[in-house]
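Colleague: I am new to this one, and I would like to know the reasons behind the labels. Could you walk me through them?

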Amino acid sequence: MLFANAELRRSKARFGMLTVGTGLLVFVLLFQQALLTSLLDGIAGAVGHQSAPVLVLAREAQRSVAGSFVPPDQFEAVAGSPGVADASELGVTGLSIRHPNSEERHAAAVLGYQPNRPGTPTRLRAGRLPEKANETVASAEDAAGRYKVGDTILIDPGEVELTVVGLTEESRLNVSPTLWTPWETYEELVRGVYPETPLVMASAVAIEPSPGVSTEALIQDLNAALPDLEAVTREEAVTDAPGRDAVRYGFLLVMGLGYIVVAIVIGFFFLTLTLQKEPSITLVRAMGAKGGYVVSGLVRQLLVVILGGLTIGSLLLVGAESAVEATIPITVDPMVIVQTAIPVMVVGLLGIVSPVRRVLRTDPQAAISRPSMGGT
Amino acid sequence: MILTRELRRNPRPFLVPTGVLTLLAVLLLYPSAVLDGILHGSTGVLRTAPADLIVYARNANGVLILSRLGSEERSQVQDVEGVDRVAAFDAWLLGAASEDAEGTAAVALLSSEAQLGSAAPEPGEALVDTTLREQIDVAEGDTLLIGPGEVPVTVTGFVSELNLWLLPGVIVDKDTWSSALLPAGSDQSGESSSGEVPQDLPDEMPEDLQEQLGDQPGTSDGSSEGEEEPGSEGSEGSEDGTDTGSGASGDEGSESEEPGSEESGESQESATGVVGFAGQEPSSGGAVQEPGSGGAPAVPVDDDEDQDMSQLLFVDVDDGADPTAVAAAIDQATGRVTETFTRSGAVKAMPGVEEQETTFGYIRMVTLTVALVVVGLFLMFLTLERTPFYAVLKAVGASSRQLFFGVVAQALLITAIAVGVGAAATWGLTHIPFELPTMMQPVRLLETLVALGVTTVAGSVLSLRRVTGIDPADAIG
């Protein structure tokens, strides 16, 4: 490894720049991945992290929970269907939240559910679930600068006061601050907007299947019996949420381009370095070093660059997390860093294929035939 | 210039940096195309509104679907100095189907006293945004069935840039708009105007509706919560026709003969219909969206006392008046019940707009920083490789300044080529059917060209020291 280490010491500036460049590219990839995770979770995470394995929506809503409503007669039909152990309301609406002493409002998704029944949020990070009216749990990802456990917040229109008794995680809806509140409070909130409303309908029916009844069989039976409604698993309600796939593909495309840039930048650097060092490499080989020795030196240098780049990129992501949290909450997840490191390593290795081939093609004889070595 | 001629004579060394710059250009242009596509598809009506100012209810926080303004606010706005004309605007999300073709689509049903598009539609007519044709087969003269009650409207023409919430806009007159929001089975005769209930309603609630309200959700243990407000569940099976001052359920069998509310002392005149949103939520994932109306009878039609409610007011100001000053005066005149925006302000106030622009801004900033470092690296290496060539040029009399500007010129030329190719590649990507709205705008291309050009020049500075330090004697040696 003497040769590789000597190269690293002698060309600190070049390797330093490459490491910084790689670090920035890795940061872009990590940031986009964190953003994508936040967006995908934020679209319908709330639906995926509630206690009902089966949800029944209006068929016309095309699996959009927020766009669905279930009239009372259909609700009763679902609740009375064979295989349904319990059925309760899940309502979704959009309102604004603000601090009592502030005029600044933030758009929020509000979900109404029946406590301790299907549809109860399952990802509590802090505090407790609501136990009485006018209590709420709110998304922890959006808490910074807006609310914390114990705070009172106002819901507009209507200026209804709610007490935040807990914070949820991975339970957002519509990529916005998300509040869960008992159904009676939800009704009050909706009536704050529409005072004439006599009847607040559920957006979905949250179902617990009877013991021994599989979700698949229940879904099949419900869909056959109630053509105006559509029963789905909670996982399907998340993955089929409108726009989710489109966002994912768009981001993956951009990230794919980012990986290609990493491969080209690293490959170009090492190829240029190899070309410049070709006489030295030839000499080293003429002295008896095997091709594998030089190649392993290249790989070592690559590892130094990539590990350095990953470190820089991760540190930048940590800094970015606090910088953007008020706008869009992202999380530094070590698993994501590992998941990014692997393809970065792979594309880096692909990038040095060309210089490796060049090294292996080096003819030690060329060292002897050089005029400066006495050749002709 | 000799160095730019070098690009033509021997382009090989420049292919890789050009390729990388092209990829970086795509990394800048494609997310911008996505952002612009989402914003344009979500805000068309507001961006092109025939108004200088748009007035919301303040407690709606810029959310159109939550805003409600009555006749009192309207007259207050009308009386403000500098206001020329006030027009009501309403919008809702509904499903639409072509009478003759398969498939349904979610649409934004619009109604405006100020003319949107080429002509104001008559009752039973509709102007439709061109993007609806991408979803269902519809042509001029066709009939669309709108809303849960399948109100028929004849398509009289197509317009562009009248979408909202990523949905195609369908523009109708106010009567048709109100009718379309009524539940299936309601009276669609068109006699009802602005949501007013026909006068020949029964005094008592229909039995089936009474039963439903007795078993309604929210009291799924069967008991009433004992609410006494109008519309309170008649869990006892109200026998005196009380309880509801307004609309019924979305039940097919129910009629819109809303019974009176004894509490309010009114009867049969409130007309809040229960409406189901039967369409698709605007594409989310950070897309601009209005919070869903699901779960609530959410029609902002006229209530018992105010026959002139609307969601927004479009305001034209007098010639020569300052719109910003008039906006402030409007909000003051209404006691800050309203929040008045310019058109661009209204777009920015829509939930998600600012967050998306900020997020994409971060991505652009970081990508440009990456470009700076990467370009600097490449130019440095290119300079290293061509040191002997520069030495020869210096030996024959070229100054360091000339060499440096030559390097900069090469960098700018490479950038221009890269942005051109990148734009073409981005255009291709926007045509991949991801169902993600995209729109390429010339201003973004210019922004990217300038930004990458600046970063390239800045990157060139990194090789400045080496270029200027070349010893012409090296050429001889």
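Colleague: Why is Asn134(A) called partly exposed?

Modeller: This is a predicted model, and in it Asn134(A) has a relative accessible area of 24%. Buried means under 20% and exposed means over 50%, so Asn134(A), at 24%, counts as partly exposed. Asn134(A) sits in the loop between strand E4 (124–127) and strand E5 (135–139) of chain A. Its phi is positive, about 65°, although Asn134(A) is not a glycine.

Colleague: Which residue in chain B has a positive phi of about 65° although it is not a glycine?

Modeller: That is Leu166(B), in the loop between strand E6 (151–159) and strand E7 (169–172) of chain B.

Colleague: Now to pairs of charges. What makes Arg85(B) and Asp316(B) a salt bridge?

Modeller: Their closest N and O atoms are 2.9 Å apart. The cut-off is 4 Å, so the pair qualifies as a salt bridge. The two residues link distant parts of the chain: Arg85(B) belongs to strand E2 and Asp316(B) to strand E8 (residues 312–317) of chain B, 231 residues apart.

Colleague: Why does Asp316(B) count as buried?

Modeller: Its relative accessibility is 17%, and buried means under 20%, so the label fits Asp316(B). Arg85(B), at 35%, is partly exposed.

Colleague: How do you know that Asp90(B) forms a salt bridge with Lys174(B)?

Modeller: The closest N and O atoms of this pair are 3.2 Å apart; the limit is 4 Å, so Asp90(B) and Lys174(B) meet the definition. This pair also links distant parts of the chain, with Asp90(B) in strand E2 and Lys174(B) in helix H4 (residues 174–181) of chain B, 84 residues apart. Asp90(B) is buried, with a relative accessible area of 1%, while Lys174(B) is partly exposed at 24%.

Colleague: How many salt bridges does the structure hold over all chains?

Modeller: There are 25. One of them joins the side chains of Arg234(A) and Glu235(A), at 3.4 Å from N to O.

Colleague: What makes Asp84(B) fit for a patch of negative charge on the surface?

Modeller: Asp counts as negative, and a patch residue needs over 30% relative accessible area. Asp84(B) has 48%, so it passes that cut-off. Its companions in the patch are Asp52(B), Glu81(B), Asp318(B) and Asp319(B). Asp84(B) itself is found in strand E2 (residues 83–98) of chain B.

Note on methods
Residues numbered from 1 in each chain as written. Chains lettered and ligands numbered in written order. Predicted model: local features only at pLDDT ≥ 70, side-chain atom pairs only at ≥ 80, totals over all residues. Heavy atoms only, no water. Patch = residues over 30% accessible without salt bridge, like charges linked within 9 Å, V, L, I, M, F, W, Y side chains within 5 Å. Areas by Shrake-Rupley, 256 points an atom, 1.4 Å probe, with all protein chains shown as cover. Charge placed at Lys NZ, Arg CZ, Asp CG, Glu CD. Helix = DSSP H or I, 4+ residues; strand = E, 2+ residues; numbered from the N terminus. Buried < 20%, exposed > 50% of the residue type's maximum accessible area, 1.4 Å probe, protein only.
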